[in-house]
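Trainee: I would like a close look at a single part of this model. Please keep the answer connected and give the cut-offs along the way.

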Amino acid sequence: MIVGEIVNEDTVPAYVNVSATLVGQHQEDLSQEGSFDKISHTLLPKQVSPYRIDFPGMRLSKIKSVRMDARAMLVPASADPVIEVNQQRIETDAVGKKVLRGELVNQSGQVVNISHVIAAYYDANGKVIWVSDGYVDQELEPQIPVAFAVDLPDDVAAKVQSYHVVVNHYDIHPS
Amino acid sequence: MRGPISFLMLLVLAGGAWAAEIHPPSQATAGVSFSMSSSGTGQGTFYLIGPAHVAKHQVSLGGNIDVDGTEIEHAGRYTAILCTDQCSATTFYVHAAEPDRLSLLVHPSRVPVSNPNAISAVAFVWDAFHNLEFSPQTVKFTVNPSEHSSISQARTSSNGIAWIRLTSAAKGGPAKIEASIGKTSETRVVQQVASDACNLRIKGSSVSHKVLVETDPVRDCSGNFVPDGTVVSFTMTDSTGKTTVDVPIKRGVAKVEIPATGHARITAASGVATGNELDLAGGAE
């Protein structure tokens, strides 16, 4: 698993995709994967998105290096909707698991059909140590708070010093 | 016996007919007609084989063989062959003609202001037949900013290529970058855009159970307005936890209303730039 953050340093919106190739001890390519939906693909200028790339079944001892590939394409993007993430806190749920909870508030006048929360967690050095995500099973109507919760592994939770939540959105009728 | 007989036959053949010879110039210029002298008598067949063209002519031996300019438009190595009952061949080189065209590559198309050596301009020098001009040529690069006088610098091409690195201006806007050689020139436009936000300042006020926070007009360190759509991330911490919201700049400022309970501390950031901290009293706890 590879985690990190990507920022659009340009002055125009971009559609970004991050992929990685694992390189073995003999310089051979072991596996290539992309961030799929664990990233906010459309980034406005200076917007930051966490990403996570999973490599199922891969053992760390086999990997010598990693080749990262971040690609960007200019796209038209709307500045709306603006989604506020309120009351963020890490809690222990009813079964004893750590979760990041909060509320989403759609500050625009349009309904957001599908919202997707992506959270990056940082250690004491400010390094991203985990990225988790979750879809909210309810549309966001203007100014109506909707609760969300995303899981956080217990071993990671102990090291988390801060976190950053971004909200990705998908609309049936994009503006 | 076979060896001496073969040797004798070769001698007879060699002595019976001398191949006519041709004498091309040591070098020719693309697209320019020239003549080459030939030896021998009678008629012969002349072949000209070039990088992208082959020609065949019937010629009279002993005089000049004319090669039309249209037959040597491509620079490179040519082989001239003159055949009677035997053939003789020789090679010569055709060089590019005078510079006539430029190809100009400028990268990137958008560049932040005041960025040293951020713009790369590469010019390829061609003749009228699209042959790369390998001999050194002086290419003049000129930058025409929208509101300042132009600046020029000359570079000598090497293997047909001249290049320069340029620093973007402090003021945003389009800059025309021109490469010229003789009467020919090529122009590209680079959009110089605002750099990262600088001295990001936020101000706010409490309204009922909300705080209204907005930035001052967001500019870069050179005073250029950061373009609308650029995201400013507001973070507020109050007694209920942390609130974050990414707000795009509209009409030069970013503003947001955030519900707050009790004392609220608010910060803002845009890219790598961070703003001042704001302490506000929100609504009742």
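How many residues does the contact take from chain B, and how many from chain A?

Mentor: The contact takes 21 residues from chain B and 19 residues from chain A, two residues being in contact if their C-beta atoms, placed from the backbone, lie within 7 Å. This is a predicted model, in which local features need pLDDT of at least 70 and side-chain atom pairs count only at pLDDT 80 or more, while totals for chains, interfaces and linings use all residues. Residues are numbered from 1 along each chain as its sequence is written, and chains are lettered from A and ligands numbered from 1 in the order in which they are written.

Take the side of chain B that touches chain A. By class, this side has nine nonpolar, eight polar and four charged residues; Ala, Val, Leu, Ile, Met, Phe, Trp, Tyr, Cys and Pro count as nonpolar, Asp, Glu, Lys and Arg as charged, and the others, Gly among them, as polar. Both β20 (241-248) and β21 (255-259) of chain B supply at least two residues each, and β20(B) gives the most, with eight residues. Strands here are DSSP runs of E with at least two residues, numbered from the N terminus.

On the chain A side, strand β7 (residues 83-92) is joined to β20(B) by three bridges, and the two run antiparallel; strands pair if DSSP finds at least two bridges between them. Within this pairing, A:Q88 has B:K242 as its bridge partner, and A:E84 has B:V245. β7(A) is also joined, by eight bridges, to strand β8 (residues 98-106) of chain A, again antiparallel. There A:N86 stands opposite A:E103. β7(A) and β8(A) form a hairpin with five residues between them, and A:G96 in the turn has a positive phi of about 85 degrees.

Residues from both chains also appear in the largest nonpolar core, which has 75 residues. Such a core is a set of buried Ala, Val, Leu, Ile, Met, Phe, Trp, Tyr and Cys residues joined through C-beta atoms within 7 Å, where buried means that 20 or more other C-beta atoms lie within 10 Å of a residue's own. A:A119, B:A123, B:V125, B:V232, B:F234 and B:I258 touch the most other members. Strand β11 (residues 119-127) of chain B gives the most to this core, with six residues. Leaving aside neighbours within four places in sequence, B:V232 is in contact with B:T215, B:V218, B:V247, B:I249, B:A254, B:A268 and B:S270.

Conventions
Buried ≥ 20, exposed ≤ 12 C-beta atoms within 10 Å, placed from the backbone. Helix = DSSP H or I, 4+ residues; strand = E, 2+ residues; numbered from the N terminus.
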